[in-house]
Amino acid sequence: MVPLPPKDLIPTAEPRVALVLGSGGLNALASLPLIEFLEAHQIHPELLVGCSGGAITLALWACGYQGHDMKAFSRHLHPALFTKNWRSIAIMFGLIRKGFNKSLSLFKTEPIFAALRNMYGDRRLEDLDPPLILQATDFETGEGVELDSGSLVEAVYASCAAYPFLHPVHLNGRWLFDGVFSAPLPILPAVRRGVDVVLAVDFSERLQPEPRSFFGAMIHVNKVLGRAVAQSQMLASIDLHPHEIIHIKVRFSGFTPIWETDAFERIQVAGRQAVAEYGAEILELVKGGGPPRPDRG
């Protein structure tokens with residue numbers, strides 16, 4: 001488990017803050033205005049927790065990128081990265097009747113790994129400051145997996161590997177894929193580590209109950225499941241110990257796949273609207289001294 005710094009080494013004027021970014025594909029880039037807001041007001045989270053799309057953004061921030069610089073990384077995400085893997089598609093849909101296994105995917109993963117290496121280099125999770133935890137899911141058991149050590153590139157990929165678009169990755173003796181299936185808004189890792197305030201960013205997409213394609217139906221079902229899981233974990237966190245959660249909902253009319261990079265500006269508008277809605281509450285809770293902090297030993 002990633003430890004937070006000892007309490008006696010941290011100024012007591014402000015509460016200990018964790019920033020949690022949930023899943024949401026490219027919509028997770030809407031967190032950039034919030035990151036710029038935190039930087040402008042000298043709010044420095046002591047723990048970062050990300051899932052799927054949120055993992056990509058928080059990994060950049062933990063690597064030392066500033067909010068305004070992080071927007072430039074969108075050049076690494078472009079449609080050319082998502083090249084169809086025709087042999088895998090033929091096997092997955094039974095056109096070739098042999099060789100099916102969980103390492104198959106609709107898109108080739110080599111370009112994805114190359115882009116991640118360009119973004120993160122050879123950094124490791126355990127060397128980042130502030131600490132970063134990435135949520136993934138065990139493909140074979142469905143258990144949630146919190147990644148806090150090892151290759152940052154592999155951990156980000158594992159957290160984002162939305163099967164069947166991207167195949168699971170074998171990491172630490174397990175086949176891991178998208179964290180959305182176990183904790184789409186991974187609040188519990190932050191709560192368990194004793195922070196005082198959790199800024200939990202939920203990229204909330206309007207449901208499309210009348211999908212027009214198979215993949216649209218699949219995305220709808222995944223979103224329904226994700227909402228149920230996130231709600232149950234939010235309720236569970238309340239019983240663990242005293243803390244405050246600001247549930248920041250960034251609202252979208254629908255899902256934005258990560259290959260639709262021309263939607264960047266529209267996504268930023270949604271992020272700025274969320275900052276306008278929740279910014280005063282964040283400042284009051286964090287800069288105003290935050291909730292009472294009981295002695296936790």
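1. A quick term before we start: two strands pair if DSSP finds at least two bridges between them. With that in hand, β1 (residues 17-21) and β2 (residues 47-51) in this predicted model run parallel and are joined by 4 bridges. Val20 has Val49 as its bridge partner in β2.

2. Getting from β1 to β2, the chain passes through helix α1 (residues 32-40), and this β-α-β crossover is right-handed.

3. On its way through the sheet, β2 also pairs with β3 (residues 132-138): again 4 bridges, again parallel. Here Gly50 is matched with Leu134 of β3.

4. So how well covered is β2? Mostly: 5 of its 5 residues are buried. In a regular strand the side chains alternate between the two faces of the sheet. For β2, Leu47, Val49 and Cys51 sit on one side, Leu48 and Gly50 on the other, and both faces are covered.

5. Have a look at helix α2 (residues 53-62) too. It is largely enclosed by the rest of the structure, because 10 of its 10 residues are buried; Trp61 is one of them, as are Ile56 and Leu58. After α2 comes Gly64, with a positive phi near 105°.

6. Now the packing. The largest nonpolar core has 73 residues, and those touching the most other members are Leu19, Tyr120, Leu132, Leu147, Leu152, Ile248 and Ile282. Helix α9 (residues 264-286) gives the most to this core, with 9 residues.

7. Leaving aside residues up to four places away in sequence, Ile248 touches Leu34, Leu199, Ala200, Val201, Asp202, Ala274, Tyr278 and Ile282. There is also a second, separate core of 12 residues, including Ala18, Ile187, Ala190 and Val195.

Notes
Residues are numbered from 1 along each chain as its sequence is written. This is a predicted model: local features need pLDDT of at least 70, side-chain atom pairs count only at pLDDT 80 or more; totals for chains, interfaces and linings use all residues. Side-chain values use heavy atoms; hydrogens and water are left out. Buried means under 20% relative accessible area, exposed over 50%, partly exposed in between (1.4 Å probe, protein chains only). Helices (H or I, at least four residues) and strands (E, at least two) are DSSP runs, numbered from the N terminus. A nonpolar core is a set of buried Ala, Val, Leu, Ile, Met, Phe, Trp, Tyr and Cys residues joined through side-chain atoms within 4.5 Å. Contact means heavy atoms within 4.5 Å. A crossover is right-handed if, with the strands pointing away from the viewer, the path from the first strand over the helix to the second runs clockwise.
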